[in-house]
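Student: I am new to this structure and would like a close look at a single part of it. Could you take me through one helix and what surrounds it, step by step?

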Amino acid sequence: MKNNIKELRKKQGMRQEDLADAVGVSRQTIVAIENDKYNPTLELAMKIARLFHKHVEEIFFLSK
């Protein structure tokens with residue numbers, strides 16, 4: 001699964017650590033998600049989407 005978290009995070013002027021703290025995970029988890037090495041749980045995906053005021057489908061999508 002692909003995502004655009006890095007772009008959204010940078011637009012908000014957030015560091016990986018800031019995002020991690022806001023959604024209750026480690027910075028390493030955010031790094032892994034941004035690098036497509038880890039697919040977040042539905043709960044975490046929803047927390048991230050809520051933080052950016054987006055729908056989950058606007059952030060996470062299947063690669064073609």
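Tutor: What follows is a close look at helix 3 and its surroundings. This is a predicted model, in which local features need pLDDT of at least 70 and side-chain atom pairs count only at pLDDT 80 or more, while totals for chains, interfaces and linings use all residues. Residues are numbered from 1 along each chain as its sequence is written, and side-chain values use heavy atoms, with hydrogens and water left out.

Helix 3 covers residues 27-34; helices here are DSSP runs of H or I with at least four residues, strands are runs of E with at least two, and both are numbered from the N terminus. In this helix Ile30, Ala32, Ile33 and Glu34 are buried, where buried means under 20% relative accessible area, exposed means over 50% and partly exposed lies in between, with a 1.4 Å probe and protein chains only. The cover over these buried residues includes strand 1 (2-3), helix 1 (5-11), helix 2, helix 4 (42-51) and strand 2 (60-61).

One of these neighbours, helix 2 (residues 16-23), has an axis that comes within 8 Å of the axis of helix 3 and crosses it at roughly 110°; the axes are lines fitted to C-alpha atoms over the stretch in contact, and angles run from 0 to 180 degrees between N-to-C directions. The two helices are therefore roughly perpendicular to each other, a term for angles of 65 to 115 degrees. Helix 2 contributes Gln16, Glu17, Leu19, Ala20 and Val23 to this contact, and helix 3 contributes Arg27, Ile30, Val31 and Glu34, contact meaning heavy atoms within 4.5 Å.

Glu34 deserves a separate look, since it is buried with a relative accessible area of 12%. Its side chain makes a polar contact of 2.6 Å with the side chain of Arg9 and another, of 2.9 Å, with the side chain of Gln16; a polar contact is a pair of N or O atoms within 3.5 Å, of which, within protein, one must be able to donate a hydrogen and the other to accept it, and residues adjacent in sequence count only if both atoms are side-chain atoms. Setting aside neighbours within four places in sequence, Glu34 is in contact with Asn3, Ile5, Lys6, Arg9 and Gln16.

After helix 3 comes Asp36, which sits in the loop between helix 3 and helix 4. Its phi is near 60°, a positive value in a residue other than glycine, and Asp36 is partly exposed, with a relative accessible area of 32%.

Note on methods:
Parallel < 35°, antiparallel > 145°, perpendicular 65-115°, else oblique.
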